[in-house]
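Please find below a colleague's note, set out as numbered points. The note takes up a sheet, an interface and the charged pairs in turn.

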Amino acid sequence: MKTIYLDNNATTAVAPEVVDAMLPCLREFYGNPSSMYGPARQVAHRLEEARARVADLLGVSPAEIIFTSCGTESDSTAIWAALRANPDKRHFITSRVEHPAVKNLGEYLSRNGYRVTFMPVDSRGRPDLDFFYDHLSDDTALVSLMWANNETGTLFPVEEVARQVKERGIVFHTDAVQAVGKIPIRMADSAIDMLALSGHKLHAPKGVGALYVRKGTKFSPFMIGGHQESGRRGGTENVASVVGLGRAAALAADHMEAENTRVRQLRDKLETELLRRIPNAMINGDPEHRLPNTTNISFEYIEGESILLMMDELGICASSGSACTSGSLEPSHVLRAMGVPFTAAHGSVRFSLSVYNTEAEIDYVIEKLPAVIARLRDMSPFWQQVQTG
Amino acid sequence: MWEYTDKVKEHFLNPRNVGVIEDADGVGEVGSLACGDALKLTFKLDENERIKDVKFQTFGCASAIASSSALTELLKGKSLAEAEQVTNDDIANYLGGLPREKMHCSVMGQEALEKAIACYRGVPVEEKEGEIVCECFGVTDVEIRRALTDHHLATVEDVTNFIKAGGGCGNCHERIEKLIDEALGRERAPVPKPRKMTNIRKLRLIEETLEREIQPALKKDGGDIELVDVDGNRVLVSLRGACSGCSAAQVTLREFVEKKLREFVVPELVVEEVCE
């Protein structure tokens, strides 16, 4: 059975070109990039080439890029760096729909001496900016807002917010893990101070990420050790993966147009056709300001895990915003913050595409999914209640 | 994804006896849309009071559907007396086991069965025995005690996995812990209550209660509360973060903050919000 992979916000396939770029670094180019002799210098050269490619994707200078082990490390590094650089300020603002990398760190900080404000969102996941601006204070050290939401694809106006924040002398960080590679990002004139990205969301392998730190931003390292990354992150670089990330960044730049035309059209087709064929289905998120590859659809009166497992039988991979874990079936914090009603939140499915998806795959999902939904609804006591009024 | 046995998968993909018996002898419904799973069980008896036909409708995850299907297979041909002996463990065993986090799915089957039999016997669906501990899922102390002894549970997490209690807001975790201690014969050191509360002690207790019992819950929702002053039995507070300006803030103050303070400090306290 062919696999139809529509879970690219969870992770992506490593691009063949990326594998090709990485293999020599696992074979002949094994030297430590910090060493002095020729073979090691070749490794260092590749590392710097990768840095330049990642910098190009963001429109920044290579010196502003620090390689890390993942998106979470990049987020943690940025947040701790900003707090340490401003020891007199004890306030941190973020949103209620952040990835756990930021949300759980925020909760940790609120238990450990910081005042933390979580900005609410509306029913489409759009930020409550008035609330946000009202809560900025002289005590605010840092603002961290995600660029694109991983579950719904909703985009926050981070550039606009960053400008307002910067005027007040507050550091602005964005978790752009889902945005990088999917939408054009030009940081040259941006007011954003720090930006986190992750390799495996853009067809590089897992275990590598990067953090952009604007020149002149006060910084203190999170990983303390050797002088690697200009003293900003100790530890020998994961050379092969970093080189893979560099190749992936160049590919992402090449694919940017397709991502925002062909992929967007496929996503729109999937969404439109599913909503046309399946009653009581609705989109979660902001249909206007959204990643081109993501759609999050709720199918009322049935449950997400059941939908995923039945799709798995058809070779279709997606994910759900509802996790039936311990005891209670808990809708995701993102859908809860948006106030999605229980009838819909439990049956939410996220489809996230990539440039490697084809129209035939989308057609297959459009053809197969209505029967899966109908089958589960036939089993659901609530669906019958709705049908009979 | 969960590791399900082949039998769970098979019953999920090909569930037996889906539907509703229109002229059923017994009907049992449990669960709700809010708590994420629900089961409607209907059965028909033959002339010898044996279960001739049984059908289910389930809203829930794969193991909830498989548990319901397994239950109907277990019930077919059984007398009511035999059916009454079917437990959630029988359902789980029939399926070759369920992940621990999913045991509540089989418990839901057992509960629907009890209700359907009570319905047939014309026993009015009895008021739940005991006192509700978990408000979110309506679980009583009697049910929790039973689960503790039946399944040898030792932690709040276990209790949530099996009967959902404590899986919602979390306000009942402390009471569940007490029930666990009772069941295990443990005793926690009793808190000595001073005969007369001095003002300093009252203030300290108010501060402690705010910090330990109230702030963590509010912070979970992005809010916070600050103690401004204590004047006799008037506790003056100011709401922060998401709480300030929240339309439900007054309810929170009365129903949660004041109740907690009265419970942990003295019952005479009155909480008032002050504007800064």
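1. Two strands are taken to pair here if DSSP finds at least two bridges between them. The model is a predicted one, and the points that follow should be read with that in mind. On this criterion, β6(B) and strand β7 (residues 234–241) of chain B pair in the antiparallel sense, with eight bridges between them. Among the residues involved, B:D231 has B:R234 in β7(B) as its bridge partner.

2. The wider arrangement is an open sheet of three strands of chain B, in the order β6-β7-β8 and with mixed pairing. Its edges are formed by β6 (223–231) and β8 (270–273) of chain B, each of which pairs on one side only. On average, and with direction ignored, neighbouring strands of this sheet are turned by 35 degrees against each other.

3. Two helices of chain B should be described together with this sheet. Helix α9 (residues 199–220) of chain B packs on the sheet and touches β6 and β7 of chain B, its direction making about 165 degrees with that of β6(B). Helix α10 (residues 249–264) of chain B lies across β6, β7 and β8 of chain B, and runs at about 145 degrees to β8(B).

4. Turning to the interface, 40 residues of chain B are in contact with 33 residues of chain A. Between them the two chains bury about 2,900 Å², of which 63% is on carbon and sulfur atoms. Of the area that chain B buries against chain A, B:L13, B:L33 and B:F59 supply 20%, which is more than any other three residues.

5. Which salt bridge does B:K102 form? The partner of B:K102 is A:E305, with the closest N and O atoms 2.6 Å apart, and the count of salt bridges between chain B and chain A is one. Eight residue pairs are in polar contact between these chains, counting pairs with both residues at pLDDT 80 or more. The elements of chain B that give two or more residues to the side touching chain A are α1 (6–13), β1 (26–32), β2 (37–45), β3 (51–59), α2 (62–75) and α7 (156–163). By class, that side of chain B has 18 nonpolar, 14 polar and eight charged residues.

6. Over all chains the count comes to 34 salt bridges. One that deserves mention joins the side chains of A:R350 and A:D7, at 3.0 Å from N to O. Because A:R350 lies in strand β15 (residues 348–352) of chain A, and A:D7 in the loop between β1 (4–5) and α1 (16–26) of chain A, the pair ties together parts that are 343 residues apart in sequence.

Technical notes: Residues numbered from 1 in each chain as written. Chains lettered and ligands numbered in written order. Predicted model: local features only at pLDDT ≥ 70, side-chain atom pairs only at ≥ 80, totals over all residues. Heavy atoms only, no water. Contact = heavy atoms within 4.5 Å. Buried area = accessible area lost by both parts, 1.4 Å probe. Salt bridge = Lys/Arg side-chain N within 4 Å of Asp/Glu carboxyl O. Polar contact = N/O pair within 3.5 Å; in protein donor to acceptor, adjacent residues only side chain to side chain. Helix = DSSP H or I, 4+ residues; strand = E, 2+ residues; numbered from the N terminus. Nonpolar A, V, L, I, M, F, W, Y, C, P; charged D, E, K, R; others polar. Axes fitted to C-alpha atoms, helices over the stretch in contact; angles between N-to-C directions.
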